[in-house]
Amino acid sequence: MTIFQPVRGTHDYLEADVRAYQKIVRTALHVAENYGYQEIMTPLFEQAQVFSRSLGDMSDVISKEMYVFEDKGGDLLALRPEGTAGVARAFVSNGLTQSLPQKFFYAGPMFRYERPQKGRQRQFHQFGVEFMGVFSPLADAEAIALGAHILKELGLDKSITLKLNTLGDLESRTAYQTALINYFKKYSSDLSPESQIRLEKNPLRILDSKDPGDQALVQNAPDRDSFLTSEAQDFFANVRKALESLNIPYEIDPYLVRGLDYYSHTAFEFSSSALGAQAAVLGGGRYNGLVEQLGGPPTACVGWGAGIERMMLLLEKCIPLPPHVTIISVSQEQELLALNLAQQARAKGLSVWLDFQVSMAKHMKKASKMKTPFVWIIGEEEATSGTVTCRNMQKGTQEVLSIDRAMAYVLRDHK
RNA sequence: GCGGGUGUAGCUCAGUUGGUUAGAGCGCGAGGUUGUGGUUCUUGAGGUCGCCGGUUCGAUCCCGGUCACUCGCCCCA
């Protein structure tokens with residue numbers, strides 16, 4: 001028989017992985033709810049156009065990395081490569097544009113056909129938020145504060161820094177882009193091959209090139225600030241002021257650029273030095289044009305997405321909670337009794353481990369390995385007298401107790 | 001999509017300058033007198049040395065390809 005391997009870039013998540021995953025998503029949802037966000041679930045696949053129209057045909061995510069397929073009805077569909085486009089589509093489809101503002105939280109798998117690496121998979125998981133319908137620098141600041149809050153709640157804030165930039169409004173951005181093209185065209189033969197392509201596709205991207213030759217040219221490139229309209233400058237200044245009043249530390253990175261077309265104004269990224277090349281953990285910005293691209297009214301939005309696997313790499317191992325009590329029956333005759341007793345205890349809110357193995361020593365071994373604090377042993381004598389032998393595993397002591405007293409004994413220890 | 005590294009037991013890794021039965025630690029199973037774990041002792045199971053092909057009398061080891069992981073580029077969370 002052939003033994004199948006998982007598809008390249010996909011992984012099975014075993015117990016410790018799932019615990020870490022759930023801890024991250026639950027924490028994120030809990031904090032987001034405190035900020036008024038509601039969870040939304042959108043399909044894992046959409047019309048391919050939902051993504052190509054919103055992210056831009058030229059972006060690598062669309063042109064190279066998207067899983068696109070034709071379904072049996074002949075529709076061109078795509079597995080979602082990110083979360084924002086689907087949420088924005090749902091926002092329009094469901095007529096929510098009539099009741100603004102809206103705050104959405106989402107979490108789930110995303111798919112990108114990329115070469116796998118540490119912190120990069122073909123099926124990976126993100127959670128994110130979208131704050132739709134408000135054009136205020138305070139909304140940007142609140143969204144960033146939410147991201148920082150979640151990272152802090154997970155204990156990840158020490159290894160992570162926040163980088164901030166503005167792309168300006170559309171007017172600023174186009175003017176700046178033109179200036180960059182004019183500047184870099186003069187040196188196009190000195191640019192790295194990648195950046196020569198960027199000059200055509202996305203000139204802003206040359207700014208964060210890692211090539212030393214490119215970086216030297218970037219030093220003397222036109223300055224972003226002089227192309228910002230006064231509105232864009234004010235907006236950014238107010239984002240910064242709000243962050244400062246919230247005591248959220250950040251550093252300005254004029255070369256921080258977002259790859260997806262829908263961004264304008266604020267761009268930000270929380271990144272960790274502990275992750276190698278895939279340093280970005282949580283990133284996003286403002287995207288005032290996207291909803292319109294998807295057929296809705298012009299709607300101001302800000303949001304971000306976060307890579308769950310990258311957080312899992314930073315999170316220390318999550319230890320499972322042991323059950324409160326393990327019940328062991330001495331022989332098969334007491335097993336049914338043990339099952340009923342377990343149900344009684346569970347009804348009182350205790351977690352109970354029960355397995356149906358043959359040897360008692362094996363049961364004990366399992367109990368001590370799980371670090372169960374208490375074991376109840378039921379043999380013939382206990383069964384007839386309605387008692388259990390209650391063993392305290394840490395102390396190594398045990399006594400025969402009535403079922404009620406044994407229950408109370410364990411409950412007292414846990415409350 | 002491009003370049004470098006790695007691939008031996010469930011896990012972490014030794015090893016063979018190409019030669020007969022491939023090792024350790026952890027983990028797992030059994031036992032140390034029939035109702036008691038965490039320590040210890042004894043013992044057992046488990047590997048087509050990633051896969052396919054080539055060179056060779058002979059390959060886990062050399063060569064080629066392939067797959068996976070990993071590091072960097074690209075891109076991005």
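Two strands are taken to pair if DSSP finds at least two bridges between them. In this predicted model, strand 5 (residues 102-111) and strand 6 (residues 123-132) go well beyond that wording: 10 bridges link them, and the pairing is antiparallel. One of the partnerships involves Phe105, whose bridge partner in strand 6 is Val129.

Strands 5 and 6 belong to an open sheet of eight strands. The strand order is 1-5-6-11-10-9-7-8. Pairing across the sheet is mixed. Strand 1 (38-39) and strand 8 (251-252) stand at the edges. Each has a single partner strand, so one side of each is left without a neighbour in the sheet.

Glu46 was examined next. This residue lies in strand 2, which covers residues 45-47. The relative accessible area of Glu46 is 7%. Buried means under 20%, so Glu46 counts as buried. The side chain of Glu46 makes a polar contact of 2.6 Å with the side chain of Arg89. Arg89 also appears among the residues that Glu46 touches, once residues up to four places away in sequence are set aside. The others in that list are Phe51, Leu76, Leu77, Ala78 and Gly86.

At the level of the whole chain, chain A is divided into two domains. Domain 1 is made of two segments, 15-169 and 229-314. Domain 2 spans 325-413. The C-alpha centres of domain 1 and domain 2 lie 49 Å apart.

Definitions and conventions. Residues are numbered from 1 along each chain as its sequence is written. Chains are lettered from A and ligands numbered from 1 in the order in which they are written. This is a predicted model: local features need pLDDT of at least 70, side-chain atom pairs count only at pLDDT 80 or more; totals for chains, interfaces and linings use all residues. Side-chain values use heavy atoms; hydrogens and water are left out. Helices (H or I, at least four residues) and strands (E, at least two) are DSSP runs, numbered from the N terminus. Domain bounds come from an automatic or database domain assignment. Buried means under 20% relative accessible area, exposed over 50%, partly exposed in between (1.4 Å probe, protein chains only). A polar contact is a pair of N or O atoms within 3.5 Å; within protein, one must be able to donate a hydrogen and the other to accept it, and residues adjacent in sequence count only if both atoms are side-chain atoms. Contact means heavy atoms within 4.5 Å.
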